[in-house]
Amino acid sequence: MTHAEIAFDRCRDDFPALARQQDGQPLAYFDGPGGTQVPRPVIEAITRYYSRGTANTHGPFATSKETDQLIQATREAVAALLGAPAWWCISFGANMTSLAFALSHALARSLQPGDEIVITQLDHEANRGPWKALAEQGALVREVALRPDGTLDPEDFARQVTARTRLVAVGYASNLLGTVNDVALARRLSKAVGALLLVDAVHGAPHFPLDVVAMDADFLLCSAYKFYGPHVGILYTRPGLLETLEPDRLCTVDPEAPWRIETGTLNHAALAGVKAAVEYLASFGEGSELRTQLQDALANIEARERQVARHYAEQAARIPGLRVWGPSFLALHRAPTVAVTLEGISPLEAAKRLGKRGVLVGDGHFYAARASEVLGLAEGGGVLRAGMSLYTTEAEVDRLVEGLAGLARR
Ligand SMILES: Cc1ncc(COP(=O)(O)O)c(C=O)c1O
């Protein structure tokens, strides 16, 4: 067996929540895109922080020094996950949405009349709302069109980016449909006009090896609770860029990166969990350094989840009246997140019935409300979304498929 096969075999025991039962059946968690389950090393790291003595930063005593060291070590671990050149490129916040609003407030202070912002119809509202708010500053907010196959229209992308564009905000992967966007195209187009590129990698970070340098992103956002950690938002900023922005900040805050955009006291215990989550991800790969181990691990996770998601999409597509939305598994690079609709039953009703069988799937638009509207899904209550995580098994998928087939036969 390979290192990765052993790790995937073992991992079911790492998550206490996977042992939870309902009416004698183990719960099958398919809502990873809404937040994954948490492995024991992460839970223990959080408990350890509190047990050893909590403290605020910059004090001349042991627990405070430990807190400072922990925060820095967590920035280093996240930098390794994202391929950032240094720990000080990584800032933390309550969640991705708060960090996006913090950036939006900062950008608002430097906008000129006639400036334009480009967002997409596919993105989660967290990567649309903060930029749509810039219209209040007089910015023109343009939207890249979503095609019926669940991909962004590249020609429309080229049309929307103009000489007036200041920022292009695009998702790495869609939390609704699993589409992986052409970030390289977004970079080429934004660079050609001197615009900033912001990537929402909340749905990318759990499933793919990421490299902010190769992506050439100016900003990248993600959220640790989507990759087996606690609720902490993460912002990567290109070296030198944060110091040029004017975020909301107290005069007492260090004006340098990474602190410049951070407000108040961070959640130190949760940061201990973020570091443990990155190390946990790394355990699925091999390598001489944390960065190489993480790259290998995420490639293994991508391959494994893709196989399980494909198994689901193929089985589900056989169910009469069921439609799979989003890009095909055969042709495209794609996240293991599968949206379906079933004729004659609303996504909410289907999710409720599956939930009664211990199969936990979500329903609705999952905050990708514009995409749901454009695809004509909004009126029917959106989609039923099943997300594969590194702990998802084909046996769990078979339970989901069996449940769906039962609903289709009603
Ligand atoms: C693609 C995507 N972007 C942004 C967010 C918002 O993240 P947060 O909850 O950390 O604000 C989510 C959350 O579901 C998401 O899936």
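In this predicted model, Pro258 occupies the loop that runs between strand E10 (233-237) and H9. The peptide bond that leads into this proline from Ala257 is cis, with omega near 5 degrees.

Helix H9, which spans residues 268-282, also contributes to the interior of the protein. The largest nonpolar core comprises 87 residues, and those that touch the most other members are Leu82, Phe157, Tyr172, Phe227, Ile234 and Leu390. Helix H9 (residues 268-282) gives the most to this core, supplying eleven residues. Residues of this core come both from domain 1 (3-37 + 303-409) and from domain 2 (44-282), so the core lies between the two domains.

The ligand was examined next. Its surroundings consist of Asn95, Met96, Thr97, His124, Ala126, Asn175, Asp200, Val202, Ser223, Tyr225 and Lys226. By residue class, this shell divides into four nonpolar, five polar and two charged residues. Oxygen atoms of the ligand take part in several polar contacts. With Met96, the partner is a polar backbone atom, and the distance to a ligand oxygen is 2.8 Å. With Thr97, by contrast, the partner is an N or O atom in the side chain, which lies 2.5 Å from an oxygen atom of the ligand. A side-chain N or O atom also serves as the partner in Ser223, at 2.4 Å from a ligand oxygen. On its own the ligand has 390 Å² of accessible area, and the protein covers 90% of it.

Two residues other than glycine were noted for positive phi values. His58, with phi near 60 degrees, is found in the loop that joins helix H2 (40-51) to helix H3 (62-82). The relative accessible area of His58 is 67%, and because the threshold for an exposed residue is over 50%, His58 is classed as exposed. Tyr367 likewise is not a glycine, yet its phi is positive, at about 70 degrees. The position of Tyr367 is in the loop between strand E14 (362-364) and helix H12 (369-374). Tyr367 is exposed, with a relative accessible area of 53%.

Ser190 provides an example of a buried polar side chain. This residue belongs to helix H7 (residues 183-192), and its relative accessible area is 0%, which places Ser190 among buried residues. The side chain of Ser190 reaches the backbone oxygen of Arg187 at a distance of 3.1 Å.

Further positions were compared by sequence separation and by C-alpha distance. Gln121 lies in the loop between strand E5 (116-120) and helix H5 (129-132). Although it is placed in a loop, Gln121 counts as buried, at 11% relative accessibility; the limit for this class is under 20%. Along the chain, Gln121 and Gln72 are 49 residues apart, and their C-alpha atoms are separated by 37 Å.

Helix H10 (290-317) follows the loop in which Gly287 is found, the other neighbour of that loop being H9. Gly287 is partly exposed, with a relative accessible area of 41%. Between Gly287 and Ala297 the sequence separation is ten residues, while the C-alpha to C-alpha distance is 9.0 Å. Within helix H10 itself lies Gln295, a residue that also counts as partly exposed, at 25% relative accessibility. The separation of Gln295 from Met96 amounts to 199 residues in sequence and to 23 Å in space, C-alpha to C-alpha. Met96 is also one of the residues around the ligand.

Gly344 is located in the loop between strand E12 (337-342) and helix H11 (347-356). With a relative accessible area of 73%, Gly344 is exposed. Gly344 and Thr292 are 52 residues apart in sequence, and the distance from C-alpha to C-alpha is 48 Å.

Terms used
Residues numbered from 1 in each chain as written. Predicted model: local features only at pLDDT ≥ 70, side-chain atom pairs only at ≥ 80, totals over all residues. Heavy atoms only, no water. Near = heavy atom within 4 Å. Polar contact = N/O pair within 3.5 Å; in protein donor to acceptor, adjacent residues only side chain to side chain. Areas by Shrake-Rupley, 256 points an atom, 1.4 Å probe, with all protein chains shown as cover. Nonpolar A, V, L, I, M, F, W, Y, C, P; charged D, E, K, R; others polar. Core = buried A, V, L, I, M, F, W, Y, C linked by side-chain atoms within 4.5 Å. Buried < 20%, exposed > 50% of the residue type's maximum accessible area, 1.4 Å probe, protein only. Helix = DSSP H or I, 4+ residues; strand = E, 2+ residues; numbered from the N terminus. Domains from an automatic or database assignment.
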